[in-house]
Amino acid sequence: MDTGGRLIAGSHNRNEFVLINADENSRIKSVKELSGQTCQICGDEIEITVDGEPFVACNECAFPVCRPCYEYERREGNQACPQCKTRYKRIKGSPRVEGDEEEDDIDDLDNEFDYDTSDPQLVGETMLSGRLNSGRGSYPNASGMPAHSELDSSPPSSQIPLLTYGEEGLEISADHHALIVPPFMGHGNRVHQMPYSDPSVPLQPRPMVPKKDIAVYGYGSVAWKDRMEEWKKKQNDKLQVVKHGGGNDGGKFDGEELDDADLPMMDEGRQPLSRKLPISSSKINPYRMIIILRLVILGLFFHYRLLHPVRNAYGLWLTSVICEIWFAVSWILDQFPKWFPIERETYLDRLSLRYEKEGKPSELASVDVFVSTVDPMKEPPLITANTVLSILAVDYPVDKVACYVSDDGAAMLTFEALSETSEFARKWVPFCKKFNIEPRAPEWYFSLKMDYLKNKVHPAFVRERRAMKREYEEFKVKINGLVSTAQKVPEDGWTMQDGTPWPGNNVRDHPGMIQVFLGHNGIRDVEGNELPRLVYVSREKRPGFEHHKKAGAMNALIRVSAVLSNAPYLLNVDCDHYINNSKALREAMCFMMDPTSGKKVCYVQFPQRFDGIDRHDRYSNRNVVFFDINMKGLDGIQGPIYVGTGCVFRRQALYGFDAPVTKKPPGKTCNCLPKWCCFLCCCSRKNKKTKQRKEKQKKFKPREASKQIHALENIEGGITESNTQKSSDTSEMKMEKKFGQSPVFVASTLLENGGVPQNANPASLLSEAIQVISCGYEDKTEWGKEVGWIYGSVTEDILTGFKMHCHGWRSVYCIPKRPAFKGSAPINLSDRLHQVLRWALGSVEIFLSRHCPIWYGYGGGLKWLERFSYINSVVYPWTSIPLIVYCTLPAICLLTGQFIVPEISNYASLVFMLLFISIAVTGILEMQWGGVGIDDWWRNEQFWVIGGVSSHLFALFQGLLKVLAGVNTSFTVTSKAADDGEFSELYIVKWTTLLIPPTTLLIINIIGVVVGISDAINNGYDSWGPLFGRLFFAFWVIIHLYPFLKGLLGKQDRMPTIILVWSILLASILTLMWVRINPFVSKDGPVLELCGLNCDD
């Protein structure tokens, strides 16, 4: 696709198509000037025949008429040219009409529709090529009749873009403006010429193997030597991929080698590309035993708690028991999805042996990479540029990678920064591949504190590295200059270099924009090699439309990438997550392209790793427990949940299709069983068959859809049955209702292996791309409901992965030795709490929606333990209420002198001790098989309490107000103090309302400890025994909130005054209320006892 390096902008709804030329002043120019000759009847483009010439309907005057209008005129009109009135002659590939029998020309009627109808890939390619040749709204079926959607659509003239600003430097030549399409296929993209039959010439035999002589058939033929030589040659070709140390697991090859029994089993290319590594039994079996034992201990604990209430503090006792029951349920939901943890191992050498054979083009699948950004002031362009550079330099065939950057803020700063990035990539990419450096994001590569000469033997490395570092520093200066310039926006908005106003000056009202920076003809690196495609995309935004934030931007990227490159696999990363391992895509392909198990994998999720976090990880930013324990457990069930970044998707799974059904082996017969058992078995089998038949009717699989839609292309001579026509029209309408009104995109959804025609018309591709990113394209479709990223929550990642698992897909968790991706995380307290607030708010929204895993998705492919995990992921914010209550109970007990348990007996002491020991042992065993350190585990426990009493609570109320009352609330974050130096952001203290609840809990528990100890000192030795239980309870809360207290004090023991005032005020109010309600002394006055002394004497 060649756009001449120009920015394409437009609006499908407003019928505009804008080409911004940076070299000349813009002028109005029709789109038909970009595409070649057009039909004088409908205005569509005239296709190119197999001879490379434009289609000519009339040989007398050559009046420009496209093939659909020519066939329609012959079938329904007067069969004559509109200009010279000469009768149209039949052209090879067109249906016959009355009067054609008189012609003595060559007849290809027997072969003109002779192509395979069972291959959905061929069907999709045929449809896609036809759409691109004839333009939108003019796609005919094989009989020449317009499709049903065409008849109902607007006139062709209204579907052609009206405007284009700017001027093409070079006109598109006639031999490149459309596809070379065989006439037998109408608008197909297969260029193989079909043979035709001549009635005067006898038919030649068509043997299946033409090279084989009849004499060689049969055992004992004299030609056995030649056959043996051919067999040896074939074996030698196959043995090029043999390694002598290989195993004996079988795999599959493509084509003729798929089921070849002659191939030795030691061929490493046939072995699996990955394998599971179960946790050793010495680690996992004790872990499972402790879980069962802990369940038994919990039963004994609740048996004691329920049968031994505290009569003089019944309210406190009942409240504590309710909280403990909720904690137990939450623990079960979190614990049992970790019952089958596994690890995985990939074999990149086998992947290369299978799909990258020497002397042949790479057969690795293409990958489209999505990078999303919104505000360049909050997401620095330099960070985004490093992410893009790491993608362009990835260790993968350059023609198989396309990077799409979504600028949802339509910022000219992002556009210009990406332009500079594309120029720097011409130098950076060959440097990375020449010296095989890691990581391939220059900012982090040049900041590594390590010996960069390790394993480097190239004599020019030091010199070129020094030069490249100087180039990168100049690049940084350019980016910083752009950021400085963008600080002050002109009153009239930004303008392009040619004086054209920047289309995105109004962020909320602008057309869609597309710019291909790299990947088109003529753009190569400094060494003359090709570069991956780099495309800038900013979807159209208009007032009054719902744009669905990040999920809507990702869905726009799905559609525009399907039109321009249509890779079968997608990788999405945040703008601050760069590729740290250049072989990350190959790691994912080991699962996706595995012939034995890859077909059911919907996505491969990589763990998130972070840079710039302090060594102690005070606020558990690394989240190691989740990524190294919980996700490994889910991988052993149905796969990990989608976490929003660092994930490689199968495009077909994002389209909402069901996972392929695995064929089960035939069941056992019941001939040896009694007749009544046979009767029951037969009945059950009939019921199963009926149920399966109903399920098949319900499920809309892509292959069935492609076969139905293919009926539109497979009508011979315009003669078809009415039922077939109705079902075909209905199928096409269903596809358009599901995917939208773009025929090119709908056709691309049927291509399971992806791809677009190589010589497609650039103008048609760009106009289709502009259409699919228009703001109204998703109206009355299933986008965001069943297709693409799912709408309805700010955490669209959980919802999207959940829908895929409900369709029967499974996911895979891949942890390479070198982390695949690395990103940045907020390390100060306020930003971290707001990040957790956003995640919790999304979970609350899912809980209150129809997609809640508690009641959604039954009868699908979701496994029960996987459902437990999803339920836990949307229920955990509700734990904030019992957690806050439970953290308040110690202070109440210390202030009132009461406790939540009665006097503890020996049996109760034993149960409590066993419970605490089981909790500790469970954590130790998890750390052992998960490879997590005790520091990370303890930080996770602490921040679970900190986030639970602050972010989760606010998210719960905010979600309830948003879903039930429609009220949107927000919590402001304001910087209050900062220090310079390493990890200076860690010590920034920002005012936010999220800080008030945990600060209040800290103060009242500290006050409770002081009051309890003072009371024990005043009352004597006997009061110390009951005090220890209350003090242990209070210290448990204080220790868990200690990182929060440390974050409040900052580096120089400073705390914002407003936080201190609010917290002391709330603590004082609560303390006074309890003193007033339940003071230490009796309401009837102090109890006076006889002391044995006579005071009257």
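What share of contacts in the protein between residues at least 6 apart in sequence join residues at least 24 apart? I looked this up before anything else, and the figure is 77%. I note here that the model is predicted.

Overall make-up. I found 33 helices and 17 strands in the protein. Of its 1097 residues, 52% count as buried. For the accessible surface of the protein I have about 53,600 Å², and carbon and sulfur atoms account for 56% of that area.

D408. I then went to this residue and placed it in the loop that runs between β6 (401-407) and α11 (412-435). Is D408 buried or exposed? Its relative accessible area is 8%, and the cut-off for buried is under 20%, so D408 is buried. I next checked the side chain of D408 and found a polar contact with the side chain of R539, at 2.7 Å. R539 also appears in the list of residues in contact with D408, once the neighbours within four places in sequence are left aside. The others in that list are T373, V374, K541, K549 and A553.

Helix α24. I checked the length of this helix, residues 829-847, against expectation. It has 19 residues and, at 1.5 Å a residue, should span 27 Å. The C-alpha atoms at its ends are 27 Å apart, so the two values agree. How many of the 19 residues of α24 are buried? I have 16 of them as buried, and I therefore enter α24 as mostly covered, buried being under 20% relative accessible area.

Conventions: Residues numbered from 1 in each chain as written. Predicted model: local features only at pLDDT ≥ 70, side-chain atom pairs only at ≥ 80, totals over all residues. Heavy atoms only, no water. Helix = DSSP H or I, 4+ residues; strand = E, 2+ residues; numbered from the N terminus. Buried < 20%, exposed > 50% of the residue type's maximum accessible area, 1.4 Å probe, protein only. Polar contact = N/O pair within 3.5 Å; in protein donor to acceptor, adjacent residues only side chain to side chain. Contact = heavy atoms within 4.5 Å. Areas by Shrake-Rupley, 256 points an atom, 1.4 Å probe, with all protein chains shown as cover. Expected span 1.5 Å × (residues − 1).
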